[in-house]
Amino acid sequence: MQSEAREIPQWKIEEVKRIEEMLKSSKVVGIVGIRGIPSRQLQEMRKSLRDVARFKIFKNSLILRALDNCGGKLQELKNFVEDQTAILISELNPFKLHKILESTKRPYPIKAGQVAPHDIVVEKGPTNLKPGPVVGELQNAGIPAGIDKGKVVIRETKVVARKGEVISPELASALARLEIYPMEVGLNLRAVYEDGIIFRAEDLKIDTQKVFSDFVNAHLNAFKVALFAAIPTRETIVPLIQRAVTEARNLAVNAAIFERDVMEDILRVASSRALSLVSLLPEDALDEDLRKMRTSAIRVEKMEEEKKEEEKEEEEEKKEEEEEAGIAGLGALFG
């Protein structure tokens with residue numbers, strides 16, 4: 001009699017085997033909570049996720065038995081099987097999967113008897129409700145409602161329920177009338193298995209914008225260090241050569257090394273110095289030719305200043321282009 005009582009129905013054995021095969025053959029396995037999701041929304045989610053993931057609902061006892069049979073790291077998913085649970089399978093990496101599941105969540109009205117997921121606030125201001133018995137209903141729910149210029153208004157901002165408080169029927173009805181939906185309906189990803197690693201939900205919450213920004217800053221800082229230390233890489237080789245050419249040219253000009261490529265600059269510097277000397281001489285020491293030279297010196301000095309300004313602007317533009325090129329490369333990396 002006892003052996004007959006303990007005999008496991010054949011359908012359960014086959015169901016556990018089917019779950020086990022599904023778990024072992026899937027690249028990514030997730031445990032998701034489905035508590036509070038209406039049947040219609042559940043079907044809509046199934047359709048919307050069809051191209052990226054599939055989820056199946058089984059009895060928790062069967063899921064636990066299948067995970068036991070799988071052994072290894074998969075077995076650790078047992079710790080996340082509780083309440084109303086479904087198994088999610090996908091080919092996407094856990095981080096992308098989590099992001100997609102979060103994006104499918106939608107606001108939903110809270111029901112009487114449910115617990116507030118966070119502080120529920122009713123903001124001060126006009127509503128879309130017409131004057132009538134609704135004003136009394138809102139007031140009975142603890143919402144400071146009134147009528148102003150023929151419209152129902154909320155007279156002051158108020159926290160009508162604190163996180164963890166049970167919602168009364170009056171408040172649930174009032175919030176629905178005001179189109180305040182505190183609940184969020186969607187698959188609640190508890191944990192994901194991939195390649196021998198278990199990821200908890202909190203591990204998968206990543207600010208992608210911040211990560212991208214950190215990569216951009218790291219790339220720019222590395223680029224600056226490589227330029228400063230003269231480390232030749234694919235990104236730095238061109239500006240390094242440009243800097244070397246500029247420094248070699250300046251050295252040749254300042255040391256008056258007579259090379260074909262810098263002779264024009266050397267003569268220009270010599271002329272500029274001569275003209276500067278002329279500008280220091282008193283008027284009565286100058287003949288006609290020297291007076292002309294001094295006038296020319298003023299012109300040349302002005303031209304030199306304009307040239308330096310132009311070179312400075314070109315250098316800044318070139319630097320900006322190099323940094324933008326680096327950022328564009330990172331943008332391509334992140335897609």
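## The β7–β8 pair and its sheet

In this predicted model, strand β7 and strand β8, the latter made of residues 151–154, run antiparallel and are joined by four bridges. One pairing within this arrangement can be followed residue by residue, since G146 has V153 of β8 as its bridge partner.

The two strands belong to an open sheet of three strands, ordered β6-β8-β7, in which the pairing is antiparallel. The edges of that sheet are formed by β6 (125–126) and β7 (145–148), each of which pairs on one side only. Helix α6, covering residues 133–140, lies across β7 and β8, and its direction runs at about 145° to β7.

## The five-stranded sheet

A second open sheet contains five strands in the order β2-β3-β1-β11-β12, again with antiparallel pairing. Its edge strands are β2 (53–57) and β12, each pairing on one side only, and the twist from one strand to the next averages 25°. Helix α2 (residues 10–25) packs on this sheet, where it touches β1, β2 and β3 (85–90), and its direction makes about 40° with that of β3. Helix α5, made of residues 94–103, lies across β1, β2, β3, β11 and β12, and runs at about 165° to β11.

## Strand β11 and its two partners

Strand β11 spans residues 188–194, and six of its seven residues are buried, so the strand is largely enclosed by the rest of the structure. Along the sheet, β11 pairs with strand β1 (residues 28–33) in the antiparallel sense over six bridges. Within this pairing, I31 has A191 of β11 as its bridge partner, while V32 is matched with L189 of β11. In a regular strand, side chains alternate between the two faces of the sheet.

β11 is also joined by four bridges to strand β12 (residues 197–200), and these two strands run antiparallel. Here E194 has I197 of β12 as its bridge partner. The hairpin that β11 and β12 form has two residues between the strands, and in it D195 takes a positive phi near 50°.

## Helix α9 and residue A244

Helix α9 covers residues 237–254, and A244 lies within it. The 18 residues of α9 should span 26 Å at 1.5 Å a residue, and the end C-alpha atoms are 26 Å apart, which agrees with that expectation. The buried residues of α9 are P239, L240, A252 and V253. Just after the helix, A256 takes a positive phi of about 55°.

How should A244 be classed, as buried, partly exposed or exposed? A relative accessibility of 42% places A244 among the partly exposed residues, because that class lies between under 20%, which counts as buried, and over 50%, which counts as exposed. The C-alpha atom of A244 is separated by 9.7 Å from that of A230, a residue 14 residues apart from A244 along the chain.

## The chain as a whole

The chain has 11 helices and 12 strands, and buried residues make up 31% of its 335 residues. Among the contacts in the chain with a separation of 6 or more, 71% are accounted for by residues 24 or more positions apart. The accessible surface of the chain comes to about 22,500 Å², and carbon and sulfur atoms contribute 52% of it.

Definitions and conventions: Residues numbered from 1 in each chain as written. Predicted model: local features only at pLDDT ≥ 70, side-chain atom pairs only at ≥ 80, totals over all residues. Heavy atoms only, no water. Pairing = 2+ DSSP bridges. Contact = heavy atoms within 4.5 Å. Axes fitted to C-alpha atoms, helices over the stretch in contact; angles between N-to-C directions. Buried < 20%, exposed > 50% of the residue type's maximum accessible area, 1.4 Å probe, protein only. Expected span 1.5 Å × (residues − 1). Areas by Shrake-Rupley, 256 points an atom, 1.4 Å probe, with all protein chains shown as cover.
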